[in-house]
Amino acid sequence: MTSSQERAWDDDHGRYVLDIKNGPAAASLAEGETGDPVELFGRDAPLTVEIGSGQGHAILHACESHPERNFLAVEVFRGGLARTVLGAVEAGVENLRLAEVNAPELLERYLPAGSVEEIWVFFPDPWAKVKHHKRRLISPEFARIAHRALAPGGTLRLATDWEEYALHMRDVLDEAPEFTRAFDGDWAERYEGRVLTAFEQKGTQKGRDIRDLTYSRV
């Protein structure tokens, strides 16, 4: 981390980062650990959860654009969390919380069922090698977990610059009985709420097409 990120983490992480007890494995969730969004945010408002929030560019932009909503960023890379805390302090946002924990465990066991309005998965690791495909986040098991966390009619938004992974994600969710397409044609329109990041620009510069997918919880 940079010196400014270290200072932000030391001074302000308690303001934004949830105090979640970990299990024996790194970033795992301790048995019986749960959280109520109303208590975590101090108000009852629609909740968006971003999985793999990186340095927080997308979710910080969303927090500023939609102060009426609550946002929870889930990330296991502490450097990214520190950068997000720094950005949150600079922007003065109050509708953001961060979780340093494995996302599937948070969705399945920490948050109440049906408590999330939207789940975002933007540019997840594609685990490009075939032998690593089993590590991919998007799977039938993830669809089941996301369905449990989302409210009826809730939205799952995905984006990737990796064509083969885009096809994989679409196949998985098309076949998932828990979800239905919220788009026409082959791909969804680019989600206007997703701020253009340096990561996305880099993928475009390399000639990769950015593909969005949007699904509704059945």
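**Close-up A. Residues of helix 1 in contact with helix 4.** In helix 1, Ser-4, Gln-5, Ala-8, Trp-9, Asp-12, His-13, Arg-15 and Tyr-16 meet Arg-78, Gly-79, Leu-81, Ala-82, Arg-83, Val-85, Leu-86, Ala-88 and Val-89 in helix 4; contact means heavy atoms within 4.5 Å. The model is predicted: local features need pLDDT of at least 70 and side-chain atom pairs count only at pLDDT 80 or more, while totals for chains, interfaces and linings use all residues. Residues are numbered from 1 along each chain as its sequence is written, and side-chain values use heavy atoms, with hydrogens and water left out. Helices (H or I, at least four residues) and strands (E, at least two) are DSSP runs, numbered from the N terminus. Helix 1 spans residues 3–16 and helix 4 residues 78–91; their axes come within 8 Å and cross at roughly 75°. Axes are lines fitted to C-alpha atoms, for helices over the stretch in contact, and angles run from 0 to 180 degrees between N-to-C directions. Helix 1 is therefore roughly perpendicular to helix 4; angles of 65 to 115 degrees count as roughly perpendicular, under 35 as roughly parallel, over 145 as roughly antiparallel and the rest as oblique. By class, this contact has nine nonpolar, four polar and four charged residues, where Ala, Val, Leu, Ile, Met, Phe, Trp, Tyr, Cys and Pro count as nonpolar, Asp, Glu, Lys and Arg as charged, and the others, Gly among them, as polar.

**Close-up B. The crossing of helix 5 and helix 6.** The axes of helix 5 (residues 103–110) and helix 6 (residues 140–149) come within 8 Å, with a crossing angle of roughly 45°. Helix 5 is therefore oblique to helix 6. The crossing is left-handed: the near helix is turned anticlockwise from the far one by less than a right angle, whereas a clockwise turn would be right-handed. Helix 5 contributes Pro-104, Leu-107, Glu-108 and Arg-109, which meet Glu-141, Phe-142, Arg-144, Ile-145, Arg-148 and Ala-149 of helix 6. Sorted by class, the residues of this contact comprise five nonpolar, no polar and five charged.

**Close-up C. The open sheet of seven strands.** The strands are arranged in the order 3-2-1-4-5-7-6, and their pairing is mixed; two strands pair if DSSP finds at least two bridges between them. Strand 3 and strand 6 (179–181) are the edge strands, each pairing on one side only. From one strand to the next, the twist averages 20°. Strand 2 (residues 70–74) and strand 3 run parallel, joined by four bridges, and Phe-71 has Leu-96 as its bridge partner in strand 3. Five bridges join strand 1 (residues 47–51) to strand 2, again in parallel; Ile-51 is partnered by Val-74 in strand 2. Strand 1 and strand 4 also run parallel, with four bridges, and the partner of Glu-50 in strand 4 is Trp-120. Six bridges connect strand 4 to strand 5, which run parallel; here Phe-122 is partnered by Ala-159 in strand 5.

**Close-up D. Helices packed on the sheet, and the cover of its strands.** Helix 3 (residues 57–65) lies across strand 1, strand 2, strand 3 and strand 4 (116–122), running at about 170° to strand 2. Helix 7 (residues 163–175) touches strand 5 (150–160), strand 6 and strand 7 (211–217), and its direction makes about 15° with that of strand 7. The buried residues of helix 3 are Ala-58, Ile-59, Leu-60, Ala-62 and Cys-63; buried means under 20% relative accessible area, exposed over 50%, and partly exposed in between (1.4 Å probe, protein chains only). Their cover includes strand 1, strand 2, helix 4, strand 3 and strand 4. Strand 3 (residues 96–99) is covered on both faces, with Leu-96 and Leu-98 buried on one side and Arg-97 and Ala-99 buried on the other. In strand 4, six of the seven residues are buried.

**Close-up E. Two buried arginines, Arg-157 and Arg-136.** Arg-157 is placed in strand 5 and has a relative accessible area of 16%. Apart from neighbours within four places in sequence, Arg-157 is in contact with Glu-118, Ile-119, Trp-120, Val-121, Phe-122, Tyr-191, Leu-213 and Thr-214. Arg-136 is found in the loop between strand 4 and helix 6, with a relative accessible area of 5%. With neighbours within four places in sequence again left aside, the contacts of Arg-136 are Pro-126, Trp-127, Glu-164, Tyr-165 and His-168. Arg-136 and Tyr-165 are 29 residues apart in sequence and 8.9 Å apart in space, C-alpha to C-alpha.
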